[in-house]
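Take a look at the chain shown here. The report after it goes from the whole chain to single residues.

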Amino acid sequence: MILEYFKKYKVNVEGFLERSIDSYIKDIKDLFDYLKIEYNDIDSIINIKSIDIEKYLIYLAEEKNNSVSSRNKKISAIKSFFYFLDREGYKIDRKIQFIKRAKVRHREAFYLTDSEINVLLYTIDDIRDKAMITFFLTTGARLSDMEQIKVDDIYTPKEKRNGKYIYYSIVRGKGDKERKIYLSNSNYDTLEYLRTYEKTERKKIIDKIGNKTDILFITNNGNKIDHDNIRKMVKRWARKAGIKEWDKVSPHTFRHSFATHAFEANIPPEIIRDAMGHANISTTNTYCHSKDWQVQDLMEGINYGKDNKLWGKED
């Protein structure tokens, strides 16, 4: 009961996405399972101490090999829940709010090279999979963004700029923030792939089951596509394309690739940040990998007034 109330409050009052709070609740239930507490046993829940949660985090790190980011995600959910209980008047251990998140080591984002991207797209012979992967590569979208794309988005332009129709979808991402996902990438014919999928494979499914959903990417039963199945599909094609580290390729790899190649194309970090939906420019800078040739060009471009006395020349 208390978890249901927590969900309703976060969604209806604070405006969080339902799927985000569902993820929170799963993390909270995992804590309860570890402590062997019934999900609605409020007396046991309010008796949870900060030391219990700290032991749980150690268990996740040492026994379950959870990553730092995974553990930090769980502690965010747990702290949010106990803050809610405190606000509702329950006497909880307020030390829980002071549990610190683990420091995340800076790690260079894994991305695909131009050649790997081109070989991958050439290898894919399934129109839905090709449309989906092209969408990821040309928009920098997250999985949660993809499931919000509507059929109308690929046929109805939202505006006209410099004589050109602009197609985009408005999605709600992390922190419940809205942003535009632009679909008009002429270099990779993104719209063409999306429309071809909609007119062929998707139409067959809709005609067969009579489902009138407006979600673009669907399963053979007309439902939203499971995220795990998308990840498996991506790895399958990466392996078939002969990508060396195919087991590391995921939908998020395409997001990394989008940002990295945008940086290499000299797109200002502020624009990349907005396209990615990052709240902080420091997150965007994770994708700024300097190549040897870029460093060399920079070094050769430094002058320091070479024509003055410092360089053995008279003014």
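## Strands and their pairing

Two strands pair if DSSP finds at least two bridges between them. Helices (H or I, at least four residues) and strands (E, at least two) are DSSP runs, numbered from the N terminus. This is a predicted model: local features need pLDDT of at least 70, side-chain atom pairs count only at pLDDT 80 or more, and totals for chains, interfaces and linings use all residues. Residues are numbered from 1 along each chain as its sequence is written, and side-chain values use heavy atoms, with hydrogens and water left out.

Strand S3 (residues 168-172) and strand S4 run antiparallel, joined by five bridges. One of the residues involved is Ser169, whose bridge partner in S4 is Ile181. S4 spans residues 178-182, and its side chains alternate. Arg179 and Ile181 point to one face and are buried (under 20% relative accessible area, 1.4 Å probe, protein chains only; exposed is over 50%, partly exposed in between). Glu178, Lys180 and Tyr182 point to the other face and are not buried.

## The whole chain

The chain has 14 helices and four strands. It has 315 residues, and 40% of them are buried. Its exposed surface is about 19200 Å² (Shrake-Rupley method, 1.4 Å probe). Carbon and sulfur atoms supply 49% of that surface.

Contact means heavy atoms within 4.5 Å. Take the contacts in the chain with a separation of 6 or more: 57% of them come from residues 24 or more positions apart.

## Helix H6 and its two sides

Which residues of helix H6 are buried? In this helix, residues 114-123, they are Ile117, Leu120, Leu121 and Thr123. They lie on the same side of H6, because they cover an arc of only 160° around the axis. The arc is that of the directions from the helix axis to the C-beta atoms. An α-helix has 3.6 residues a turn, so residues three or four places apart point the same way.

The face of H6 turned away from the buried side carries Ser115 and Tyr122, both exposed. The cover over the buried residues of H6 includes helix H7 (127-139), helix H10 (227-240) and helix H11 (251-264).

## Aromatic rings

The structure holds 15 aromatic pairs. Rings of Phe, Tyr and Trp (its six-membered ring) pair if their centres lie within 6.5 Å; planes under 30 degrees apart count as stacked, over 60 as edge-to-face and the rest as tilted. Tyr34 and Tyr59 form a tilted pair, 4.9 Å centre to centre with 35° between the planes. This pair links distant parts of the chain: Tyr34 is in helix H2 (residues 18-34) and Tyr59 in helix H4, 25 residues apart. Tyr34 is partly exposed at 29% relative accessibility. Tyr59 is also partly exposed, at 30%.

One aromatic cluster is formed by Tyr5, Phe6, Tyr9, Phe32, Tyr39, Phe81, Phe82 and Phe84. Charges also sit over rings (NZ of Lys or CZ of Arg within 6 Å of the ring centre and within 35 degrees of the ring normal). Lys158 lies over the face of Tyr168, 5.7 Å from the ring centre. The charged end of Arg195 sits over the ring of Tyr167, 5.0 Å from its centre.

## Two buried residues

Phe82 is in helix H5. It is buried, with a relative accessible area of 0%. Not counting residues up to four places away in sequence, Phe82 touches Leu31, Ile45, Ile48, Ile53, Ile92, Ile96 and Gln97. Phe82 and Gln97 are 15 residues apart along the chain, and their C-alpha atoms are separated by 7.8 Å.

Ile225 lies in the loop between helix H9 (190-209) and H10. Is Ile225 buried or exposed? It is buried, with a relative accessible area of 9%. Leaving aside neighbours within four places in sequence, Ile225 is in contact with Arg128, Met132, Phe217, Ile218, Thr219 and Ile230. Ile225 and Glu147 are 78 residues apart in sequence, yet 7.7 Å apart in space, C-alpha to C-alpha.

## Positive phi in two loops

Asn65 is not a glycine, but has a positive phi of about 55°. It lies in the loop between helix H4 (50-62) and helix H5 (68-87). Asn65 counts as exposed, at 63% relative accessibility.

Asn162 also has a positive phi, near 55°. Its place is the loop between strand S1 (159-161) and strand S2 (164-166). Asn162 is exposed, with a relative accessible area of 80%.
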